[in-house]
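Student: I should like to go through this model term by term and set each value against its cut-off. May we begin when the structure is in view?

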Amino acid sequence: GSIFPLHQDELGPLDGLSHIEGDCLVVTDFQDAIARTMTVEADARYVDLMISRKLQETGEFDEPVTVITHWKKKRGKNVTDIFFTALRSKQYYHYLEMVAEHGDHLVLLPLQSVLLAMLQKYGKAQPVAIVFQHDRFADVLIGTRKKVWYANRVVAFDSSDEQMTALWETLRSDIASVGTEHRRPINHVYVADWIDSWGLPQWTDDDGPELIPVEK
């Protein structure tokens, strides 16, 4: 719900996207969208439609859904792995209208595309976890350079020390579970922070993954 324009090396608040002037790049999490990985029994051409229907049938969305595909890979003839962002269609079209009505060049970039680029940069042959921690939220993406294993957003109830400690413990548990599921340990966690992020936790035990802050 917050917007921060970056001008050279300075960040500041902005009331709304309609106030943006000139050429710009808008990185967004699409507010109440969800980002997930899923294995779908369908031809790769129809996976997006199948996910849209499933999200409505399970009650996660009560209106038409648009699926933005970030990564897709066929596992078999009619089995496809996919990493996607799903959001309400009316919200998606609102963003498209904003792009169309902007007087200059406006490029819309999903936050998950940024995290995927980080995964492909740092993942290489070994699986890693990418974490973007901001306010009481943490977006996590796990996998290798060529395959996305897991995506989720962890949310704390508030920004108290206790809740932020619980948030990091939930992240650590999720990372360990994904490593166990794929039978490959995840030893490196690359963390991107934000102007309202909390400091990194102290994971000092020998079997814990290494937390690596990335350049701001």
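Student: Why is Asp-81 called buried?

Tutor: Buried means under 20% relative accessible area, exposed means over 50%, and partly exposed lies in between (1.4 Å probe, protein chains only). Asp-81 has a relative accessible area of 6%, so Asp-81 is buried. Please note that this is a predicted model, in which local features need pLDDT of at least 70 and side-chain atom pairs count only at pLDDT 80 or more, whereas totals for chains, interfaces and linings use all residues. Residues are numbered from 1 along each chain as its sequence is written, and side-chain values use heavy atoms, with hydrogens and water left out.

Student: What makes the contact of Asp-81 with Lys-147 a salt bridge?

Tutor: A salt bridge is a side-chain nitrogen of Lys or Arg within 4 Å of a carboxyl oxygen of Asp or Glu. The closest N and O atoms of Asp-81 and Lys-147 are 3.8 Å apart, and the pair forms a salt bridge. The pair links distant parts of the chain, 66 residues apart: Asp-81 is in strand S6 (residues 79-88), and Lys-147 is in the loop between strand S9 (137-143) and S10. Helices (H or I, at least four residues) and strands (E, at least two) are DSSP runs, numbered from the N terminus. Lys-147 has 29% relative accessibility and therefore counts as partly exposed.

Student: Which residues are joined into one network by salt bridges that share partners?

Tutor: Asp-32, Glu-63, Arg-88 and Lys-90 are joined in this way. Within that group, the side chains of Glu-63 and Lys-90 meet at 3.9 Å, N to O. Glu-63, in the loop between helix H1 (47-57) and strand S5 (65-76), is 27 residues apart from Lys-90 in helix H2 (residues 89-101).

Student: How do you know whether Glu-63 is buried or exposed?

Tutor: Glu-63 has 19% relative accessibility and so counts as buried. Its partner Lys-90 has a relative accessible area of 60% and is therefore exposed.

Student: How many salt bridges does the structure hold?

Tutor: The structure holds 10 salt bridges. One of them is formed by Asp-29 and Arg-153, whose closest N and O atoms are 3.1 Å apart. This pair links distant parts of the chain, with Asp-29 in the loop between S3 and strand S4 (34-40), Arg-153 in strand S10, and their positions 124 residues apart. Asp-29 is partly exposed because its relative accessible area is 28%, and Arg-153 counts as partly exposed because its relative accessibility is 27%.

Student: Why does Val-148 count as buried?

Tutor: Val-148 has 6% relative accessibility, so Val-148 counts as buried. Val-148 lies in strand S10 (residues 148-155). With contact taken as heavy atoms within 4.5 Å, Val-148 touches Thr-37, Trp-71, Phe-83, Leu-116, Leu-119, Leu-141 and Ile-142, not counting residues up to four places away in sequence. Val-148 and Trp-71 are 77 residues apart in sequence, yet 7.6 Å apart in space, C-alpha to C-alpha.

Student: What makes the side chains of strand S3 alternate?

Tutor: In a regular strand the side chains alternate between the two faces of the sheet. Along S3 (residues 24-28), Cys-24, Val-26 and Thr-28 point to one face and are buried, while Leu-25 and Val-27 point to the other and are not.

Student: How do you know that S3 and S7 pair?

Tutor: Two strands pair if DSSP finds at least two bridges between them. S3 and strand S7 (residues 106-110) have 5 bridges and pair in the parallel sense. Val-27 stands opposite Leu-109 in S7.

Student: Why is Leu-6 called exposed?

Tutor: Leu-6 has a relative accessible area of 57% and is therefore exposed. The residue belongs to strand S1 (residues 6-7).

Student: How do you know that the radius of gyration of the chain agrees with a compact globule?

Tutor: The radius of gyration is taken over C-alpha atoms, and the globule rule is 2.2 Å times the number of residues to the power 0.38. For 216 residues a compact globule would have a radius near 17 Å, and the chain has 18 Å, which agrees. Of the 216 residues, 40% count as buried. The chain contains 4 helices and 12 strands, and its C-alpha trace spans about 55 × 50 × 30 Å along the principal axes.
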